[in-house]
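Reader: Before any discussion of details, could you show me the model, so that what we say can be compared with it?

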Amino acid sequence: MSEEIVLPEVELNIYSPKDPTEVTVVENYICTIENSPNFVRHLTFDVSGTDLEGRVRVGQSIGILPPGVNEKGRPHKLRLYSVSSPTKGENGNSTLISTTVKRTIEEFEGKLYTGICSNYLADLQVGDKVKATGPSGRRFLLPQNANDFNYVLFATGTGIAPFRGMVIELLESGFKGDLVLVFGCPYRTDLIYADFFRKMEQKYDNFQYITCISREDRRADGSKKYVQSSIEDCQDQLSPIFEKENTLIYICGLKGMEAGIYQNLAIQGFDEYLVIKPKLETIAPEDWKWEDMKRNVKPSTRTFEEVY
Ligand code: NAP
């Protein structure tokens with residue numbers, strides 16, 4: 001690396017669960033293609049008059065305290081949501097912070113369960129007040145000297161949230177490097193902010209948007225197309241960027257996605273994005289087992305991950 005990666009100083013937990021602030025919903029709309037059965041919504045909060053204004057960086061999260069109590073009669077716990085607005089705020093307005101929320105609906109032993117906080121947020125109307133905390137997160141950030149790097153961003157599902165903000169932040173600030181977003185979701189209707197990213201791709205020559213639709217697209221060998229498949233399948237696009245000295249990788253979304261990305265990077269010989277312990281150095285990356293990888297492969301300083 002010829003550039004040093006310096007992360008910006010951030011403010012943490014200005015508001016805690018014991019002392020939250022109140023923010024107001026100003027926008028709440030579906031941000032998948034309209035007919036998706038997966039309801040993902042873009043929510044914007046007005047934080048004016050609170051100390052969150054101008055102090056939440058792209059890549060950080062805010063906490064939401066849903067009303068009500070759990071089955072033990074205790075108040076519901078805080079849930080964290082990555083912000084999807086850039087540091088300067090939604091539409092460049094520092095009083096507006098947005099996030100991306102998916103309704104969670106699950107069936108267990110014949111009963112239907114709906115996610116407490118995601119459904120609370122999804123149902124909110126413009127003007128409703130919400131208890132919020134934060135900001136949180138000090139590592140999943142763009143470097144201070146962000147325009148000196150190239151970026152490959154990997155997202156699955158709502159893991160796209162921080163990358164919406166990062167793409168806006170970089171491209172709208174005169175960024176001239178390479179920026180690639182690789183996004184994975186089950187069906188084509190689950191693409192999140194797709195129209196926005198396609199427009200940005202048309203507008204900016206240095207931005208590429210790659211989609212991996214796991215249950216519709218198939219790879220040459222018939223297997224599912226996951227975000228990590230692109231490291232091999234889109235070599236012409238991605239390898240020249242991985243090879244550059246100042247490229248950083250960001251990974252956000254479903255826990256487990258990072259393992260596939262690490263393995264495929266190692267197969268292609270891009271070891272500089274990883275810290276590989278000696279135990280695995282003697283085994284070909286193609287033969288790495290998930291259990292071994294958990295303990296023996298970590299992200300290097302050039303790789304940022306937030307998965308859960
Ligand atoms: P989703 O729409 O279900 O999409 C997930 C995609 O990832 C699917 O295409 C899925 O394929 C694929 N996938 C499954 N296993 C994979 C693997 N090992 N490697 C790569 N891809 C894989 O996603 P979602 O329901 O929105 O879930 C997003 C997740 O991101 C949630 O767990 C959420 O908590 C997390 N998240 C984290 C952050 C953060 O850390 N800041 C922010 C937002 C969201 P198949 O299902 O077809 O196998």
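The turns below go through cavities, surface, salt bridges, a helix and some backbone features.

Reader: What kind of model is this, and which pLDDT do local features need?

Author: This is a predicted model, in which side-chain atom pairs count only at pLDDT 80 or more, totals for chains, interfaces and linings use all residues, and local features need pLDDT of at least 70. Residues are numbered from 1 along each chain as its sequence is written, and side-chain values use heavy atoms, with hydrogens and water left out.

Reader: How much space lies in the largest cavity?

Author: Rolling a probe the size of a water molecule over the atoms shows where empty space is left. Here a cavity is a set of points, on a 1 Å grid over the protein atoms alone, where a 1.4 Å probe fits but cannot get out, and its volume is the space filled by probe spheres set on the points, which are joined across faces, edges and corners. The search of the whole structure finds one cavity of 30 Å³ or more, and the space in the largest cavity is about 60 Å³.

Reader: Which residues of its lining lie nearest the centre of the largest cavity?

Author: Lining residues are those with an atom within 4 Å of a point, and by class the lining has six nonpolar, five polar and two charged residues. In this scheme Ala, Val, Leu, Ile, Met, Phe, Trp, Tyr, Cys and Pro count as nonpolar, Asp, Glu, Lys and Arg as charged, and the others, Gly among them, as polar. Of the 13 lining residues, those nearest the centre are Val56, Pro86, Thr87, Gly89 and Ile97.

Reader: Is Phe39 buried, partly exposed or exposed?

Author: Phe39 sits in the loop between strand S1 (21-30) and strand S2 (40-46), where strands (E, at least two residues) and helices (H or I, at least four) are DSSP runs numbered from the N terminus. Together with Ile30, Ile105 and Leu112, Phe39 forms a nonpolar surface patch with about 360 Å² of accessible area, a patch being made of residues with over 30% relative accessible area and no salt bridge, with nonpolar side chains (Val, Leu, Ile, Met, Phe, Trp, Tyr) joined within 5 Å and like charges within 9 Å. Areas come from the Shrake-Rupley method with a 1.4 Å probe, only the protein chains shown counting as cover for residues. Because buried means under 20% relative accessible area, exposed over 50% and partly exposed in between, Phe39 at 35% counts as partly exposed.

Reader: How many salt bridges does the count come to?

Author: Side chains of opposite charge can pair when their charged atoms come close. A salt bridge is taken as a side-chain nitrogen of Lys or Arg within 4 Å of a carboxyl oxygen of Asp or Glu, and by this rule the count comes to 13.

Reader: By how many residues are Asp233 and Arg219 separated along the chain?

Author: The side chains of Asp233 and Arg219 meet in a salt bridge, at 2.8 Å from N to O. The pair links distant parts of the chain, with Asp233 in helix H4 (residues 229-233) and Arg219 in the loop between strand S11 (207-213) and H4. Arg219 is buried at 17% relative accessible area, whereas Asp233 is partly exposed at 37%. Along the chain, the two are apart by 14 residues.

Reader: Why are Arg295 and Glu291 separated by about one helical turn?

Author: Arg295 forms a salt bridge with Glu291, the closest N and O atoms being 3.4 Å apart. The separation is about one helical turn because, in helix H8 (residues 290-296), the two are apart by four residues.

Reader: How many residues of helix H2 are buried?

Author: Helix H2 (residues 161-171) is mostly covered. Its buried residues include Phe163, Met166 and Leu170, and also Arg164 and Glu169. Of its eleven residues, the number buried is eleven.

Reader: Which residue is joined to Gly134 by a cis peptide bond?

Author: The bond has an omega of about 0°, and the partner of Gly134 has its place in strand S8 (residues 129-136). That partner is Pro135.

Reader: What is the phi of Asn91?

Author: Asn91 is found in the loop between strand S4 (79-82) and strand S5 (96-102), and at 72% relative accessibility it counts as exposed. Although Asn91 is not a glycine, its phi is positive, at about 55°.

Key: 1 Å grid on protein atoms, 1.4 Å probe; cavity = no way out; pocket = protein on both sides within 12 Å on 5 of 7 lines; lining within 4 Å. Buried < 20%, exposed > 50% of the residue type's maximum accessible area, 1.4 Å probe, protein only.
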